[in-house]
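Here are some notes for a colleague who is opening this structure for the first time. Please read them with the view at hand.

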Amino acid sequence: MAAVLVTLVQGGRHDVDPAPVDVPRASPRDAAEALASFVDGVASRDADVLASLAPAGDAVVGERFAGIADTAADLDLRALSARYVDQVGTVASDGTWSGTVDLTWQVARLDAAPARAEVVVTFVPDDDGLAIADFSAGGTARVPLWLRGRLSVATARGVLVMVDGTPSEAKAVVRRVERGIDVVRRVLPERIGPVVVEVPASAGDLDDTLGVQPGTYAGIAAVTAPVGSTAEQDAPVHVFLNPDVTSRLRRAGAQVVMSHELVHVATDAVRRPVEPWLLEGFADYVALRDTRLPDRTTLGRAIEVARRNGVPRSLPSAKDFDTRAPDLQARYEEAWLACRIIAERLGERRLVGIYKRVDADSELAVELRSAGVTGLALLRAWQARLHDLAGT
């Protein structure tokens, strides 16, 4: 309740008459109570409790919330918490408002530590408290995939796949992971995993899941990234697939994408300060190593760009690997070619050694030189190969 001052004008005299009216306000206390009930419902896998938190009469939201109970059981979600942080925007005339919530969770079977992320929760007045109407992304906020409701979950030893889709889709991704692990072990025999793969329903949902601007990953088939805030050093790292892209790939192409991402998982690439062309080129080298595809296929985009713009003057930079950069696929192919040339000249074991040793304390140029090739020699050989392939 708030008091609004109304000014009455009569014969030049101004009288102020306090007139109390109802003004909707956000209630952090009620929000905290609703969030506590939500956490209890997820922790107890109680579909009825979760469904009851939806706005009265909203069967769609109620069914979605009820589905979270099954998903939480399949994922063995633990370390759950939801702490109200602050209000977002203003309160609508019907009392609806949003707030940021600090959320933690853990896929207990495979994640070594909990994930933490900021989520935007929409609250709606309901009876004497608040109902939860939605979870949404915004700014740095994200929507963890398990909040989407009932997911299809499939597992294998050391592997878990969650898909906002059908059980058959989840099983197909598990098989792709298992084949990818075999591919990676041919070059990197050390243990890979655990591996958790998340497959949202669309590219837009992928952006929301990762808390990035709409369209960021529209053209990307997959990304290996922290599940929650990147500020958390021990945040779990999962593989995220973009179904809008991978669904258009042939089986071999989809497998290369998965094998590429598993190289990132196996080498903890998310936390390694490695030159981007080496990071991505090495992952493609491992993924493509035994495919026996002709250069016109594996280097098709790079050849096209070289014919159109001429052979690049330098190896791809970090800017070239921006998800919205032009000719992005060509840059991946160029990076792969550079790694292939290193393997051809020095042998695969030395390529692997260079990749493993390069970090913040060991510059790439130094490692290349100690292995027997200078950075300039590599660049010249790479440019000459592209020149020959493009026929320029």
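1. For what follows, a contact means heavy atoms within 4.5 Å, and angles run from 0 to 180 degrees between N-to-C directions, with axes fitted to C-alpha atoms. With that in mind, helix 3 (residues 59-75) lies across strand 3, strand 4 and strand 6, and runs at about 70° to strand 6.

2. Please keep in mind that this is a predicted model. The protein has 14 helices and 11 strands, and its C-alpha trace spans about 90 × 60 × 40 Å along the principal axes.

3. The strands just named belong to an open sheet of 4 strands, ordered 3-4-5-6 and paired in the antiparallel sense. Strand 3 (77-88) and strand 6 (129-136) each have a single partner strand and stand at the edges, so one side of each is left without a neighbour in the sheet. From one strand to the next, the twist averages 35°.

4. Within this sheet, strand 3 and strand 4 (residues 97-107) are joined by 9 bridges in antiparallel pairing, and Leu-77 is found opposite Val-107 in strand 4.

5. Helix 1 (residues 28-43) also lies across the sheet, over strand 3, strand 4, strand 5 (115-126) and strand 6, and its direction is at about 165° to strand 3.

6. As for the protein as a whole, 50% of its 392 residues are buried, while carbon and sulfur atoms supply 49% of the exposed area of about 18900 Å². Its side chains include 44 positive and 54 negative ones, and the centres of these two sets lie 12 Å apart.

Methods
Residues numbered from 1 in each chain as written. Predicted model: local features only at pLDDT ≥ 70, side-chain atom pairs only at ≥ 80, totals over all residues. Heavy atoms only, no water. Helix = DSSP H or I, 4+ residues; strand = E, 2+ residues; numbered from the N terminus. Buried < 20%, exposed > 50% of the residue type's maximum accessible area, 1.4 Å probe, protein only. Areas by Shrake-Rupley, 256 points an atom, 1.4 Å probe, with all protein chains shown as cover. Lys, Arg positive; Asp, Glu negative; His and termini not counted. Charge placed at Lys NZ, Arg CZ, Asp CG, Glu CD. Pairing = 2+ DSSP bridges.
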